[in-house]
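Opening the notebook on this one. I want to look up how the chain packs and what sits inside.

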Amino acid sequence: MSIKLDVELAGLRLRNPTILASGILGISKKILERVAKSGAGAVTTKSITVKPRGGHNNPIFIQSTKETFLNAVGYSNPGLKAAKKEFEDLSDFPIPVIGSLVGEDAEEFAYLAENIKEIGFKAIEIVLSCPHTPGYGLLGGHGTPEATKEITSAVRKKTKLPLFVKLSPNVMNLGEVAKAAEKAGADAITAVNTLGPGMVIDVETAKPILGFKVGGLSGPALKPIAMRCVYDIYKAVKIPIIGVGGIITGKDAVEMMMAGASAVGIGTGVYYRGMNIFKEVCDEIEEFLESHGYSNVKKIIGLAHRD
Amino acid sequence: MEIPEVLEIKSVIKENYKTKTFFFNKKIEAEPGQFLMVWIPGIDEKPFAVSFENPLGITVGRVGSFTTQLLKMKKGDKLGIRGPYGNGFKLKGKEICLVAGGRGIIPLAFLAEKFKKVDITAIVGANTKDDLFFVKRLKKYCFRIIVVTDDGSSGIKGFPTDSLKDLLEKEKFDCVYTCGPEIMMKKVFDICENYNTECQASLERYMKCGFGLCGQCCIDDIRICKDGPVFNSKQLSKLTEFGVFERDKSGKKVYF
């Protein structure tokens, strides 16, 4: 039996449902090409801001338990102008590249969306959910249904590309936030960003270890929260969902798709399994489908919602 | 676990006017060229090559504000250490040559200690006599040391790359190991290619996570922290950004 792994995501065709999540690796076209060669279905750039940002001081990424990472990168990126140069020619890129954009307010988000037009991004992801960068995401007040609606519609007016909105697991009324994004013209929801923030203190020096003191939680520990969030969002909206949070194995991906995700984001998983994680997760999804009698991965999307 | 282990500084040795070695009460096992992330609690964290493994020691030269702060640390002060990370130098053959520029001598001195059973020639380059350090340490393990300074205040006046060329005209090495300014390493690699000699170089980029996730230290599609920092001739020949540009803290390209 040949198993079909390709999925459709807001008009994009992905050869498989694995996507490199934003913030991990995506500093240059070349490293994204390596991720593509490693088997990903799509890749996301590091978030692009208008001006260059150095980000927070180190450490920006630490492990708190075997299954828990905390990060506070602080959106380091060389800015819009450099991003336009870095990604100016994506015509030969084998899979869709998703441009992650982040601004301080609706106007800045819209400016970014308008100004990356010449880049060959196949979709835009706007991030309304960072828990650890002053002025942005949750610390910029972007986590409410109102702000989500305002920012999403401002970006919608400036771009015809598929528009993904990345949400935070911190919000209890996540269904409402997702609905606000959908109503304002979003084509898909990316759920979730990191949780928290959390903190780790070194007891020898009594100092928080992360440079920014606090950071968003990722890794396998985030998975059950992400799972519930995707489940809630699937109930609330009709647009597809990219499920992100603790995806390490094909079984994790299957579970996330059963919760309602059409595709899965992989980030911290690269730590546990290296860049081959994309191919390995796909192989494991395929094995699962085969052993459970499914011929097409699309058939498991939202299965957990059946009565 | 990817988290700094906080260690007390056991002793401090002054190597020259801007370089010190800090020793800790800890043993590690490392390949020469592997690095540690060193955290000044509450300040910042940067990569340093392993200088000694038993007891663990790092050698710090003054470069910017972080190393200036680090050099103020005294016996009894605490630093966070994580690692060792990355892939180090690999021993190849029986006759090898080291080409060190400035602080590049740190991992190469450790290499000489680890590879002491083979014949080692070391070319040590520095700006002036005062910038030299570890020459005595190298003398224990190398049968020949060629000191080269920009101003001729010690050894030969000139560049280490010229000395390497002179050597390769007359003799053959199984492998040339280099660490130092990237422009120098690029030249060393080019010379080695011309003389059909294997080369291993330890590259440096602005580093953040140290374990291959953040992408900050990429050169082409290679992560210096995880896939490097040491690369052989075959790998170096594929790097189009080698000797061309690095990236700053934001990821912006800075050309050499």
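Below are my entries on overall form, one helix and the cores.

Ground rules: this is a predicted model, where local features need pLDDT of at least 70, side-chain atom pairs count only at pLDDT 80 or more, and totals for chains, interfaces and linings use all residues. Residues are numbered from 1 along each chain as its sequence is written, chains are lettered from A in the order in which they are written, and side-chain values use heavy atoms, without hydrogens and water.

Entry 1, chain B overall. I looked up the secondary structure and got 7 helices and 17 strands in chain B (DSSP runs: H or I of at least four residues, E of at least two). Buried residues make up 57% of its 256 residues (buried is under 20% relative accessible area, exposed over 50%, 1.4 Å probe, protein chains only). The C-alpha trace spans about 50 × 40 × 35 Å along its principal axes.

Entry 2, helix α4(B). I checked residues 160-170 of chain B and found P160(B), T161(B), S163(B), L164(B), L167(B) and L168(B) buried. They cover an arc of only 155° around the axis, so they share one side of α4(B) (the arc uses directions from the helix axis to the C-beta atoms). The face turned away carries exposed E169(B) and K170(B).

Entry 3, cores. In the largest nonpolar core, 144 residues, those touching the most other members are V43(A), I126(A), V270(A), L164(B), L203(B) and L236(B) (a core is buried Ala, Val, Leu, Ile, Met, Phe, Trp, Tyr and Cys joined through side-chain atoms within 4.5 Å). A second, separate core has 30 residues, including A100(B) and C142(B).
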